[in-house]
Amino acid sequence: AAKAMASTETGINLAGKDFAIDAWVNLGSAGTLLSHGQGSQRFTAAVDAAGHLVVTIGDSVCTSSKSIPYGQWIFLTMSLTKDGVLNAEAAVDDVFIPLFSGLKVIAYDGNGRLSVGCGADAAIHELLLWDEAHDMTSALLNRSVTKSPSTRHLIGYWKMNEGEGTSIRDYSRNRHMVMANEAWFLNNENL
């Protein structure tokens, strides 16, 4: 799992489109988990000190009423429709935490690099970017399925399992990410 800031080498156009982001996340502290776009057209997903998901779209900030736990792996899915409807949910084992459900926000018109680990002490792996909005049920159905570059609606797939180096391979569209320094979280115990 990656544990440092990394950005795609090229931009991804999400302007006026439905999209969803799924990832396994293990939070260590508050901060920005991921961002996309630039300037006034930026989408960010962050976590505050209490574990609330904070999504910013341009100048609009939305904070979930429920929290995500720190110090354990969770499966997070977020989606935004081209009309500006935000949904987000986390799964911790067999418990589902609704974060945003059909929240009307501003439409997103961003284009630019996708970055992860922007100031948060967190480990992320299996980051997926889809060109459709979906819910937790759909995300969970795809969570354990082997994906290929031709998987329908998949436009970004970073396994983040390299374990060494500063490059994170995109298995769907070759929009690889580059880390500023080598920082991997290897979660294995030798018993």
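Biologist: Okay, so two strands count as paired if DSSP finds at least two bridges between them. With that settled, what sits between β9 and β10?

Modeller: Two residues, in a hairpin, and D93 in that turn has a positive phi of about 55°. Keep in mind that this is a predicted model.

Biologist: How many bridges hold β9 and β10 together?

Modeller: Seven, with β9 and strand β10 (residues 95-104) pairing in the antiparallel sense. One pair you can look up is A88, whose bridge partner in β10 is F100.

Biologist: And on the other side, how does β8 join β9?

Modeller: Through six bridges, again antiparallel; β8 covers residues 73-80 and β9 covers residues 85-92. L80 stands opposite L86 in β9. Those two strands form a hairpin as well, with four residues between them, and G84 in the turn has a positive phi of about 85°.

Biologist: Let me switch to β5. Is that strand largely enclosed or open?

Modeller: Largely enclosed by the rest of the structure, because five of its seven residues (41-47) are buried. Buried here means under 20% relative accessible area.

Biologist: Which strands does β5 pair with?

Modeller: β4 (residues 31-38) is one, antiparallel over seven bridges. Strand β6 (residues 52-57) is another, antiparallel over five bridges.

Biologist: What stands opposite V47, then?

Modeller: On the β4 side, G31 stands opposite V47. On the β6 side, V47 faces L53.

Biologist: What about the turns there?

Modeller: The β4 and β5 hairpin has two residues between the strands, and G39 takes a positive phi near 55°. Between β5 and β6 there are four residues, and G51 in that turn has a positive phi of about 90°.

Biologist: Zooming out, how many helices and strands are there?

Modeller: One helix and 16 strands. Among contacts between residues at least 6 apart in sequence, 60% join residues at least 24 apart.

Biologist: Does the radius of gyration agree or disagree with a compact globule?

Modeller: It agrees: a compact globule of 191 residues would be near 16 Å, and the protein has 15 Å. The C-alpha atoms fill a box of roughly 50 × 35 × 30 Å along the principal axes.

Biologist: How much of the protein is buried?

Modeller: Buried residues make up 47% of the 191. The accessible surface comes to about 9,000 Å², with 48% of it belonging to carbon and sulfur atoms.

Biologist: Last thing, charges: how many positive and negative side chains?

Modeller: 14 positive and 20 negative, and the centres of the two sets lie 6 Å apart.

Key:
Residues are numbered from 1 along each chain as its sequence is written. This is a predicted model: local features need pLDDT of at least 70, side-chain atom pairs count only at pLDDT 80 or more; totals for chains, interfaces and linings use all residues. Side-chain values use heavy atoms; hydrogens and water are left out. The radius of gyration is taken over C-alpha atoms; the globule rule is 2.2 Å times the number of residues to the power 0.38. Buried means under 20% relative accessible area, exposed over 50%, partly exposed in between (1.4 Å probe, protein chains only). Contact means heavy atoms within 4.5 Å. Accessible areas come from the Shrake-Rupley method with a 1.4 Å probe; for residues, only the protein chains shown count as cover. Lys and Arg count as positive and Asp and Glu as negative; His and the chain ends are not counted. The place of a charge is taken as NZ of Lys, CZ of Arg, CG of Asp or CD of Glu.
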